[in-house]
Amino acid sequence: DYQQAANGMDILVIEQRWDSTTGVTYYRGVFFKVPSGLIVLDFYSPIDFKDTVLPDFDQVVNSLTLLNP
């Protein structure tokens, strides 16, 4: 289900983890519902570094202002 970001935009968040040759990779995809379709912002990180940078990613998600031409 869609949820609302702090900026009022409708978003869908998907999270995944998987093993790779370099360790465990974490993924978060944020889908923004806009009148012309969807815009996706992807975030990939080693699982051990996720908690360090995820707050910055969330800040970007909540501060976006998308323009509709």
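Select Q16 and Y27 to begin: Y27, in strand 3, is the bridge partner of Q16. The model on screen is a predicted one.

Next, widen the selection to residues 10–20, which make up strand 2. Strand 2 pairs with strand 3 in the antiparallel sense, over 10 bridges. Look at the turn as well: the two strands form a hairpin, with two residues between them.

Now select strand 3 by itself, residues 23–34. Is this strand mostly covered or mostly uncovered? Nine of the 12 residues in strand 3 are buried, so by that count the strand is mostly covered.

From strand 3, move on to strand 4, residues 37–46. Strand 3 and strand 4 pair over 10 bridges, in the antiparallel sense. To see one place along this pairing, pick Y26, which stands opposite S45 in strand 4. Strand 3 and strand 4 also form a hairpin, and two residues lie between them.

Then select A5, M9, I11, Y26, V30, F32, F43, V53, L54, F57 and V61 together. These 11 residues are the largest nonpolar core. Strand 3 and helix 1, residues 50–63, each supply at least two residues of this core. Which element gives the largest share? Helix 1 does, with four residues.

Finish on I11, one of the core residues. Leaving aside neighbours within four places in sequence, display what I11 is in contact with: D1, Y2, Q3, A5, V30, F31, F32 and V61. Among these contacts, A5, V30, F32 and V61 also belong to the largest nonpolar core.

Methods:
Residues are numbered from 1 along each chain as its sequence is written. This is a predicted model: local features need pLDDT of at least 70, side-chain atom pairs count only at pLDDT 80 or more; totals for chains, interfaces and linings use all residues. Side-chain values use heavy atoms; hydrogens and water are left out. A nonpolar core is a set of buried Ala, Val, Leu, Ile, Met, Phe, Trp, Tyr and Cys residues joined through side-chain atoms within 4.5 Å. Buried means under 20% relative accessible area, exposed over 50%, partly exposed in between (1.4 Å probe, protein chains only). Contact means heavy atoms within 4.5 Å. Two strands pair if DSSP finds at least two bridges between them.
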